[in-house]
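Colleague: Could you take me through one helix in this model and how it packs against its neighbours? I'd like a close look at that single part.

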Amino acid sequence: MKSFEYLFNFIKSLSKNEKRFFNLYTQLYNRENSKNYILLFYVLEKAKTYKEAVIKERITREIAGANLGSVKAHLKEQLFTCSRLYHRKNTDTLKHYEDLGMAQLLMSKGHNYYAQEILEKLEKDTLQTEKHLDRKSVV
C-alpha cells in the first residue's frame, strides 16, 4: 500500500472526535513554520475517494516548495502521537507504559519516592486487571 493511500485510509478511519482532538492538538503544539502537514491532513480528509493523481496534484498546489516525503512522515508521526494521546486513558496497556515511563524518568532524576508511588499504583492496577481477566476466563 502506498504511503498516501495509507495516510488517506488512516485519516478516514478516525472518528469525528479523534479528528477534533487532532485539530486541537495541532493548534496547541504547532510551530508557525510547520503548517504543511496540517494542509496535507486537510487535503486527504476532504477527498471523497482515493485517487492518487488528483490528490497529488492538489497537494503539490497547496504545499508548493516543501519536501513532500518529510511532510508525509511528519503527518504520520503527529497522527500516531495524537491517537496514542487520545486513547491513553481507555487502554490499560498504554496507560501502564506511560506510568512506567514516568516512573523511570522520576528515578533518573532522583525522585525515587514519587517513582515508588507510581510503581505501587501500577502494581495494584495490574493485579486488579489480572483478577478481572481470570474471572472472565472462568465464565
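**Helix 3 and its two partners**

Modeller: Helix 2 and helix 3 turn out roughly antiparallel to each other, which here means an angle over 145 degrees. Keep in mind that this is a predicted model, with local features needing pLDDT of at least 70, side-chain atom pairs pLDDT 80 or more, and totals for chains, interfaces and linings using all residues. Numbering starts from 1 along each chain as its sequence is written, and side-chain values use heavy atoms, without hydrogens or water.

Helix 2 covers residues 16-29 (helices are DSSP runs of H or I, at least four residues). Its axis and that of helix 3 come within 11 Å and cross at roughly 160 degrees (axes are fitted to C-alpha atoms over the stretch in contact, with angles from 0 to 180 degrees between N-to-C directions). The crossing is left-handed: the near helix is turned anticlockwise from the far one by less than a right angle. Lys19, Phe22, Asn23 and Thr26 of helix 2 meet Tyr37, Ile38, Phe41, Tyr42 and Glu45 of helix 3 (contact is heavy atoms within 4.5 Å).

Now the other partner. Helix 3 (residues 36-46) and helix 5 (residues 68-87) have axes that come within 9 Å and cross at roughly 80 degrees. So helix 3 is roughly perpendicular to helix 5 (65 to 115 degrees). From helix 3, Asn36, Tyr37, Leu40, Phe41 and Leu44 take part, and from helix 5, Val71, Lys72, His74, Leu75, Gln78 and Leu79. Look at Tyr37 and Phe41: each of them touches helix 5 and also helix 2.

Notes: Helices (H or I, at least four residues) and strands (E, at least two) are DSSP runs, numbered from the N terminus. Angles under 35 degrees count as roughly parallel, over 145 as roughly antiparallel, 65 to 115 as roughly perpendicular and the rest as oblique.
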